[in-house]
Amino acid sequence: MIRRILCALAVGLLPALATTYRTVTVADAVQGRVEAGYVKVSGRFLASGTYQGLVRGVVAGARFALPVEGQVFDYLPQPGAFLEVWGKLVRGPDGWLLRFHNARPPGEARGPRPVGDPRPGEVLKVWLRVYSAGGVAARTIGRSEDGRSFYLRNYTGGPGVRCLVGRPLEADTFEVLELCADE
């Protein structure tokens, strides 16, 4: 019983320890006063168009706007909404850009759920967007909030954002052991 409790605690903590998002201001990010990497910024989201499955626009602070783009995970920002956005800050040809991982409205408790770089065989709890790809010989794929893609072995559920317990077998294969009880 104690072993099960310790295992459950470890599984719950591993994704949180895998990647740390630094909180930065929009102004500091745009002006290059922070290093590239995983960051969280708060501001008003202004869309640059309507796209299915894609986030593209800016997060605006008082005087600056940080371009944001990436695939939608489990939250699609509404244009004009004030929210907290997290992702990977990168330097592009036109300046700094936030590669969108996910977002939340103010006051929501849910935070980043990255996979990071787990070791093969390590049992963990992960949140993945599950979908099928490949046409006739379709494979079930899971994509993490921080952009990691895995072929899902032993997955029997449907598409959508799912919480799964399992282990990476190789760099791109994740063996599903069970659905999370708290999904």
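How many nonpolar, polar and charged residues are there in the lining of the second largest pocket? Keep that one in mind; the tour gets there after a walk through the strands.

**Start with the whole chain**

Show everything as a cartoon first. What you have open is a predicted model. Its mean pLDDT is 86, and 89% of the residues reach 70 or more. Now select residues 1-18: here pLDDT stays under 50. For that stretch, the model has ten contacts beyond four places in sequence. You may want to fade it out while you look at the rest.

Colour by secondary structure next. You should find two helices and eleven strands. Going from the N terminus, the order is α-β-α-β-β-β-β-β-β-β-β-β-β. The protein has 183 residues, and buried ones make up 40% of them. Counting contacts with a separation of 6 or more, 49% are between residues 24 or more positions apart.

**Stop 1: β3, β4 and their hairpin**

Select residues 54-60, which is strand β3. Then add β4, residues 65-71. The two pair in the antiparallel sense, with seven bridges, and they form a hairpin with four residues between them. For a landmark, show G57 and V68 as sticks: V68, in β4, is the bridge partner of G57.

While you are here, pick Q31. You will find Q31 in the loop between α2 (26-30) and β2 (37-47). Draw a distance from its C-alpha to that of L66: the two atoms are separated by 9.6 Å, although the residues are 35 apart along the chain. Is Q31 buried, exposed or partly exposed? It counts as partly exposed, because its relative accessibility is 38%.

**Stop 2: β6 and its partners**

Keep β4 on screen and select β6, residues 95-104. Nine of the ten residues in β6 are buried, so this strand is mostly covered. β4 and β6 pair in the parallel sense over two bridges. Look again at V68, which now turns up opposite L98 in β6.

Bring in β5, residues 82-92. β5 runs antiparallel to β6, and nine bridges join them. This is another hairpin, with two residues between the strands. Zoom in on G92 and you will see G95 of β6 standing opposite.

**Stop 3: β8, β9 and β11**

Move along to β8 (residues 139-144), which pairs with β9 in the antiparallel sense over three bridges. They too form a hairpin, this time with four residues in between. Click on G147 in the turn, where phi is positive, at about 90°. For a pair to show as sticks, choose I141 and its bridge partner in β9, Y151.

Now select β9 by itself, residues 149-153. Which of its residues are on the covered face, and which on the uncovered one? F150 and L152 make up the covered face, while S149, Y151 and R153 are on the uncovered one.

β9 has another partner to look at: β11, residues 173-179, with which it pairs in the parallel sense over three bridges. Show L152 and F174 to see one spot where they meet, since the two stand opposite each other.

Step on from β9 to N154, in the loop that leads to β10 (160-170). Check its backbone: phi is near 75°, a positive value in a residue other than glycine.

**Stop 4: a loop residue, D117**

Select D117, in the loop between β6 and β7 (124-133). With 69% relative accessibility, D117 counts as exposed. Measure across to R148: C-alpha to C-alpha, the two are 8.9 Å apart, with their positions 31 residues apart in sequence.

**Last stop: the second largest pocket**

Turn on a surface for this one. The second largest pocket has a volume of about 230 Å³. Sixteen residues line it, and the closest to its centre are F100, H101, R143, E145 and G147. Several strands from earlier stops come back here: β4, β6 and β8 are the elements that give two or more residues to the lining.

Colour the lining by residue class and you have the answer to the opening question: four nonpolar, five polar and seven charged residues.

Definitions and conventions
Residues are numbered from 1 along each chain as its sequence is written. This is a predicted model: local features need pLDDT of at least 70, side-chain atom pairs count only at pLDDT 80 or more; totals for chains, interfaces and linings use all residues. Side-chain values use heavy atoms; hydrogens and water are left out. pLDDT is the predictor's confidence in each residue, from 0 to 100. Contact means heavy atoms within 4.5 Å. Buried means under 20% relative accessible area, exposed over 50%, partly exposed in between (1.4 Å probe, protein chains only). Two strands pair if DSSP finds at least two bridges between them. On a 1 Å grid over the protein atoms alone, a cavity is a set of points where a 1.4 Å probe fits but cannot get out, and a pocket is an open set with protein on both sides within 12 Å along at least five of seven lines; lining residues have an atom within 4 Å of a point. Grid points are joined across faces, edges and corners, and a volume is the space filled by probe spheres set on the points. Ala, Val, Leu, Ile, Met, Phe, Trp, Tyr, Cys and Pro count as nonpolar, Asp, Glu, Lys and Arg as charged, and the others, Gly among them, as polar.
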